[in-house]
Amino acid sequence: MRFDTVIQNGTIVTAADTCAADVGIVGDKVAAIGSRLPVDGASKLIDAAGHYVIPGGIDVHTHLDMPFGGTTSADDFESGTIAAAFGGTTTLIDFAIQYKGQTLRTAFDSWMSKASGKAVIDYAFHCIITDLPDARLEEMSALVREGVSTFKLFMAYPGVFMLDDATIFKAMSQAAKFGGMICMHSENGGAIDVIVQRALAEGKKAPKYHALTRPTTAEAEATSRAIALAEMAGAPVYIVHLSCNDALEKVREARDRGLPVFAETCPQYLYLSLENMDAPGFEAAKYVFTPPLREKWHQEKLWQGLAQDALQVVSTDHCPFCFKEQKEMGKDDFTKIPNGGPGIEHRLSLVYSGGVHAGRFSPNRFVQLVSTAPAKLFGLYPRKGTIAVGSDADLVVFNPKREEIISASTHHMKVDYSMFEGIKVTGVPDLVLSRGNVVIENNKFVGRPGAGSFLRRGLFTGL
Ligand code: URP
Ligand code: ZN
Ligand code: ZN
């Protein structure tokens, strides 16, 4: 057999296995896995000695080019996907927003045009539903057939995104009928709004009050309600950006009862805490996102959740706003700070470093959390999320020993600060391929805007 590219001498790590073998690529697919694959005629040989060869990362929670809080997230589909590729992510699932009065199809079309011609890696969409009269329920199944098989609903942001329980319940029932799944932003938006108004009335307007007005109980209550609604609807549910132990306990309890309940957390909740909100001046605005940062002790609980499968995925919730001019919109009032933080670039390194290098879980579990579980839960497996003959050649040659200090001065996201500034990670992607083409090599982007394709996702089939 003749290969276009052979990755030699590496250690292949999937969620299930670890083995020393070469990977032969023909076109955009993995064509063979074996020892000493023939290299005659191959146009590219990659020496992966001392490296892990892992399936490309899948980030199932990003917000590129998203209008939010009176401004637009700073990375578009070109800069955001380039930054993702630098970090070893080769597929992302972004959120197409249906605004009130619009069809779901309008949301999908609008986000397709944002991505087309720009994305350097493959992409797919969830649809955020903000307006769901009964007459629109049918549109959900039409979208599932187009490959948009998951829908994000909000229990927070009253008046903007929040849906009532009846609508959430109907959407869950409808999604379950067609093999779709609801992703839930679980915070009790009504109670939070009251607490926020009280804080403002008392003159508490600094960024740290964003965190102090969104208690963990509000997240746990909504998580528990989302699970109860899904149970009644006979539907699976996926809790997004879970930030605290209180909510984690609700997920764990439901999973122990055998319910199809899944949850992700994000690196910011694993590495940052309420202490960051004490940064001087307006600096804490860098950490204004939702749910907010929690007391430090929650971090270890989340790491344990990842190790023990109470949490299944690490995504980023990448929603970047520059400190200058964007975060500064809320200088005098924390409620005007656009909510979101940048993270698309460092997910693999942060999870590997804190998870594997720190001895909390195995390299296989790392692959499961950043690639395989996302692919399985979101209808992309086995095309994505593993290394197997016939799967897409989305591959990362990962250096488990290389150290890097995260900094805005070296990152590729189009944002003027890093949430993880100064954090040292061990474990960094050295070379990244997207569908057989090298996109990152020698710390340079060598791919092409527009090379990424839309992925029509399959149905939820469990994990
Ligand atoms: O603060 C956040 N998380 N911004 C993005 C929108 C969301 O709720 O995921
Ligand atoms: Zn959310
Ligand atoms: Zn989000």
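## Ligand 1 and the two zinc ions

Ligand 1 sits in the largest cavity. The model is predicted.

**Around ligand 1.** A shell of 13 residues surrounds ligand 1. Lys152, His185, Thr290, Asp317 and Asn339 are the closest of them. Polar contacts involve both oxygen and nitrogen atoms of the ligand. A polar side-chain atom of Asp317 lies 2.6 Å from a nitrogen atom of ligand 1. The backbone of Thr290 places a polar atom 2.8 Å from a ligand oxygen. His61 contributes a polar side-chain atom at 3.4 Å from an oxygen atom of ligand 1. How much of the accessible area of ligand 1 does the protein cover? On its own, ligand 1 has 270 Å² of accessible area, and the protein covers 99% of it.

**The zinc sites.** The table sets out the protein donors of each ion.

| Ion | Protein donors | Distance to ion | Spacing along the chain |
|---|---|---|---|
| Zinc ion (ligand 2) | Lys152 (NZ), His185 (ND1), His241 (NE2) | 2.1 to 2.2 Å | K-x32-H-x55-H |
| Zinc ion (ligand 3) | His61 (NE2), His63 (NE2), Asp317 (OD) | 1.9 to 2.1 Å | H-x1-H-x253-D |

The zinc ion (ligand 2) and the zinc ion (ligand 3) are separated by 4.0 Å.

Why is the arrangement around the zinc ion (ligand 3) tetrahedral? Its four donor atoms subtend angles of 88 to 129 degrees, which makes the arrangement tetrahedral. The cut-off for that label is that all angles lie between 85 and 135 degrees.

**Residues with two roles.** Asp317 is a donor of the zinc ion (ligand 3) and also has a polar side-chain atom 2.6 Å from a nitrogen atom of ligand 1. His61 is likewise a donor of that ion, with its polar contact to ligand 1 at 3.4 Å. Both His61 and His63 are buried. On the other ion, Lys152 and His185 are donors of the zinc ion (ligand 2), and both are among the closest residues to ligand 1.

Definitions and conventions. Residues are numbered from 1 along each chain as its sequence is written. Chains are lettered from A and ligands numbered from 1 in the order in which they are written. This is a predicted model: local features need pLDDT of at least 70, side-chain atom pairs count only at pLDDT 80 or more; totals for chains, interfaces and linings use all residues. Side-chain values use heavy atoms; hydrogens and water are left out. Donors are N, O and S atoms within 2.8 Å of the metal (3.2 Å for Na, K and Ca); water is not among the atoms, so sites may look incomplete. Four donors count as tetrahedral if all angles lie between 85 and 135 degrees; four count as square planar and six as octahedral if opposite donors are over 155 degrees apart and all others between 65 and 115; anything else is irregular. Buried means under 20% relative accessible area, exposed over 50%, partly exposed in between (1.4 Å probe, protein chains only). A residue is near a molecule or strand if one of its heavy atoms lies within 4 Å of it. A polar contact is a pair of N or O atoms within 3.5 Å; within protein, one must be able to donate a hydrogen and the other to accept it, and residues adjacent in sequence count only if both atoms are side-chain atoms. Accessible areas come from the Shrake-Rupley method with a 1.4 Å probe; for residues, only the protein chains shown count as cover. On a 1 Å grid over the protein atoms alone, a cavity is a set of points where a 1.4 Å probe fits but cannot get out, and a pocket is an open set with protein on both sides within 12 Å along at least five of seven lines; lining residues have an atom within 4 Å of a point. A molecule sits in a cavity or pocket if more than half of its atoms lie within 2 Å of its grid points.
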